2 protein chains.
Amino acid sequence: MAQAVRHDSMRAGNLAVVLGELDRHGPLTRAALAETTGLTKTTVSKLVGDLIEAGMAVESGTVRDGERGRPGVAVRLSGHRVAALGLEINVDYLAACVVDLSRTVRLLRTQAVDNRAASPADVITRLGELATAMLADAAGLGLSVAGAIVALPGPVDRSTGSVHRAPNLGWRDVSVTESLSLPLPLLVDNEANLAALGELWFGSGASLGDFLHVSGEIGIGAGLVVDGALFRGAHGFAGELGHVVVAPDGPACRCGGTGCLERYAGQDALLPAGGEIAELVARLRAGEPAATAACERAGSALGVALTTAVNLLDPDTIVLGGIFAPLFPWVSGPVEKAMRERLGQMRARVPALVVSRVGADGATLGAAGQVIQRIIADPGAFLLEVTDPS
Amino acid sequence: MAQAVRHDSMRAGNLAVVLGELDRHGPLTRAALAETTGLTKTTVSKLVGDLIEAGMAVESGTVRDGERGRPGVAVRLSGHRVAALGLEINVDYLAACVVDLSRTVRLLRTQAVDNRAASPADVITRLGELATAMLADAAGLGLSVAGAIVALPGPVDRSTGSVHRAPNLGWRDVSVTESLSLPLPLLVDNEANLAALGELWFGSGASLGDFLHVSGEIGIGAGLVVDGALFRGAHGFAGELGHVVVAPDGPACRCGGTGCLERYAGQDALLPAGGEIAELVARLRAGEPAATAACERAGSALGVALTTAVNLLDPDTIVLGGIFAPLFPWVSGPVEKAMRERLGQMRARVPALVVSRVGADGATLGAAGQVIQRIIADPGAFLLEVTDPS
DNA sequence: GATATTTAGTCCACAACATAGACTAAATCG
DNA sequence: CGATTTAGTCTATGTTGTGGACTAAATATC
């Protein structure tokens, strides 16, 4: 609980500080690192030496920063050795990616499968095969994969690695970490959460400030990123935007309530007759009035729900992802209108509304990125793992 | 930004760990501290010695923990030297309190004044007089006051110490820290936020887990406490529960929107003809149907807004404070009904609904408590201040 | 073109802090 | 009364960062 600082953790902390600085502020010389971290040049040199030895950083050319003086050697994160595996189980596909320490996507593979038709055990077996193939390919690239996270479309218990209920998959109480055995640390997380992190590291990124990322699918989830980390709430179920009440007397929702956002702006509300979002986009492009009206309705409801979310969570930016990304041109107007009307008078600035820049792979990439984030936040633990093969 | 660990900050960090442990887990022997912190007995002894010398801890009797062996000396937080000042400006009163390091309330004074009638400058002058008197009394008790926080009824900019708009006071862009000059560090914060912290430290406390504290007044604010700290959002305006949309087509609100919770459950909605909450309680006790119906309506609306808040913020517990504390017996039913209906099916556990245990002084006490919290989180800084009179 | 100046990075003696284990102190058990 | 157990202190030691002297490599100045 209370974490005391000792000599070894002091060192680990300083390694993390240096690596974090390299991660956030690009290539830096040792002198610049000493300045920004407040450590002495001597200390920085030693720490950088360790990081280079561990394959987590490399020197990359010289830089003349000022006008005069000896040029410095730029040091940057190196992705040539350390990597992470991101996995995703979704309704109609499996996906896996390998991302290296510099957050470069090295491998990405998607497999279209109808996972509703298969049993959870079969799905997990298939994911295991995909993961094993990816690990082999990663080894071929000389990468050492430090860990993996599985993205799941439903509320998860991260401590047990299980999904309580994933209605879209038809799963109940399935433990993924128990069934999936891979030769590395494995965790699970919610797809909407990881999509938000995917946007942070592989999309518009830090320019968004603190943002709320909306994942529209059949359900509607959201992930709030504050200071580069997810806000999860007490039990990890924060960000359930789909069941925000838009109209207390509205239609019944599968959650037991009435008038939830999902009933107005979920995929089933936009496509009551079924079908693909791509078809809806085609009808919208053709200017079909019924399609435009449906988006108008969904956008207004989404605007009301997001107004509420802004009042409670206070983000800088709102990112629309999932099905709302292709529909952005048609829903953004009503959403912005609702937010301006309801927030404009009280707040100096209404949060900006932008479209997600990562596509369907957001959650898969976010999963791998989260593993990388953990390594950067505590390189000492990983260093031990690599150098000490006990 | 990136905070490196050096020898001095290692020491400061360990002082904070020991003091934090004493704060959370009551009186402890040096041996017990060594066990829980992971530090050696030698180190703990040195740290405890420093804390005792600084007047932040004291030895208090011996304890026989096990069956055999030498009994240990219990060490606990001491409030005899270090204290903090909490201040509050509200619509119809000023308040000040002095709380010591062990979070004992040593002084508390309230002054009934109609602050809407006076100019901001006059109000602040009067608060300054109250604060100066409190500081003199604290000095008389041998207390050294380390800092102060002013609670204000409106959104504040904590970096400049100013309120942008406090509609209930009729204030616009008033900087309190600039106008109020006291011989100690002074900060400002929002009343609803500080009331939540007041509940944490002077009310039901840590038994609540992560909780959302609702401050019902003319407006309705809320403060979310996660892991013993306030969730503030990107700009510090999180928790604006009063403007959560309960019915998109509802009555217009002063915020520019329509159907905000405030219009259904704020003080003006419960008492459309004006008057005091105490009178409403009397009518409720008498069983007056109109009064009961008003609470029913307010409770249902509050239940809808809280359902939404739970979906987005995921707290363990919801605490009703402000005007909802005396009205609790009449509003809690409808609130719980709404939450059970709308959340019961999706969640294993619907958050518990409890009444606030701190009264009107919650924000004032929370203000002082927040200063104490800062000292406990970084005793090193305070130690320097005391021992080094530069 | 030689020298001064500036900046980067390394080296070495030193200081700060925590550690490990021996030691003393004070209780209960047999 | 001695053996055992637990609390707390003392001393030598180890790890880590510091500060300043030093070397290295560039530009500026004359």
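## Contacts with DNA strand C

In this predicted model, a polar backbone atom of B:Thr40 lies 3.1 Å from a phosphate oxygen of DNA strand C. Another phosphate oxygen contact of this strand involves B:Asn14, where an N or O atom of the side chain is 2.7 Å from a phosphate oxygen. The side chain of B:Thr42, by contrast, addresses a base, with an N or O atom placed 3.1 Å from a base nitrogen of DNA strand C. Backbone groups of the nucleic acid nevertheless account for much of the proximity, since 68% of the atoms of DNA strand C within 4 Å of the protein belong to sugar or phosphate, and the rest belong to bases.

The surroundings of DNA strand C comprise 28 residues, of which A:Lys41, A:Thr42, A:Ser45, A:Arg70 and A:Val73 come nearest. Both protein chains contribute secondary structure to this surface: H2, helix H3 (41-53) and strand E3 (72-77) of chain A each give at least two residues, as do helix H1 (7-24) and helix H3 (41-53) of chain B. The element that gives the most is H1(B), with 4 residues. Divided by class, the surface near DNA strand C holds 6 nonpolar, 12 polar and 10 charged residues.

## Contacts with DNA strand D

Around DNA strand D there are 27 residues, and those that come nearest are A:His7, B:Lys41, B:Thr42, B:Ser45 and B:Val73. Sugar or phosphate supplies 66% of the atoms of DNA strand D that lie within 4 Å of the protein, with bases making up the rest. By class, the residues of the surface near DNA strand D are 5 nonpolar, 12 polar and 10 charged.

Which atoms of A:Asn14 and A:Thr40 lie within a few ångströms of a phosphate oxygen of DNA strand D? For A:Asn14 a polar side-chain atom is 2.9 Å from a phosphate oxygen of the strand, and for A:Thr40 a polar side-chain atom is 3.0 Å from a phosphate oxygen. From chain B, a backbone N or O atom of B:Arg30 is placed 3.1 Å from a phosphate oxygen of DNA strand D. The elements that give two or more residues to this surface are H1 and H3 of chain A, together with helix H2 (30-37), H3 and strand E3 (72-77) of chain B. H1(A) provides the largest share, 4 residues.

## The interface of chains A and B

The contact between the two protein chains draws on 57 residues from chain A and 58 residues from chain B, and the area buried between them is about 5000 Å², with carbon and sulfur atoms giving 58% of that area. Three residues, A:Leu312, A:Arg342 and A:Met346, supply 15% of the area that chain A buries against chain B, which is more than any other three residues supply.

How many salt bridges does the rule find across the interface of chain A and chain B? The rule finds 0 salt bridges there, whereas the count of residue pairs in polar contact between chain A and chain B, both at pLDDT 80 or more, is 29. On the side of chain A that touches chain B, at least two residues each come from helix H1 (7-24), helix H2 (30-37), strand E13 (220-226), helix H10 (289-313) and helix H11 (328-343) of chain A. The largest share of that side, 7 residues, belongs to H10(A), and the residues of the side as a whole divide into 26 nonpolar, 19 polar and 12 charged.

## Relation between the two copies

Chain A can be laid on chain B with an RMSD of 0.1 Å by a turn of 180° and a shift of 0.0 Å along the axis, and this is therefore the relation of a two-fold axis. Within chain A, the C-alpha nearest the axis belongs to A:Ala247, at 2.7 Å from it. The two copies use the same surface, in that 100% of the contact residues of chain A recur in chain B.

## Salt bridges

Over all chains, a search of the whole structure finds 30 salt bridges. One of them pairs A:Glu59 with A:Arg30, whose closest N and O atoms are 2.7 Å apart. This pair links distant parts of the chain, with A:Glu59 in strand E2 (residues 57-63) of chain A and A:Arg30 in helix H2 of chain A, 29 residues apart.

Note on methods
Residues are numbered from 1 along each chain as its sequence is written. Chains are lettered from A and ligands numbered from 1 in the order in which they are written. This is a predicted model: local features need pLDDT of at least 70, side-chain atom pairs count only at pLDDT 80 or more; totals for chains, interfaces and linings use all residues. Side-chain values use heavy atoms; hydrogens and water are left out. Contact means heavy atoms within 4.5 Å. Buried area is the accessible area (1.4 Å probe) that two parts lose on being put together, summed over both. A salt bridge is a side-chain nitrogen of Lys or Arg within 4 Å of a carboxyl oxygen of Asp or Glu. A polar contact is a pair of N or O atoms within 3.5 Å; within protein, one must be able to donate a hydrogen and the other to accept it, and residues adjacent in sequence count only if both atoms are side-chain atoms. Ala, Val, Leu, Ile, Met, Phe, Trp, Tyr, Cys and Pro count as nonpolar, Asp, Glu, Lys and Arg as charged, and the others, Gly among them, as polar. A residue is near a molecule or strand if one of its heavy atoms lies within 4 Å of it. Copies are superposed by least squares on the C-alpha atoms of residues with pLDDT of at least 70 in both.
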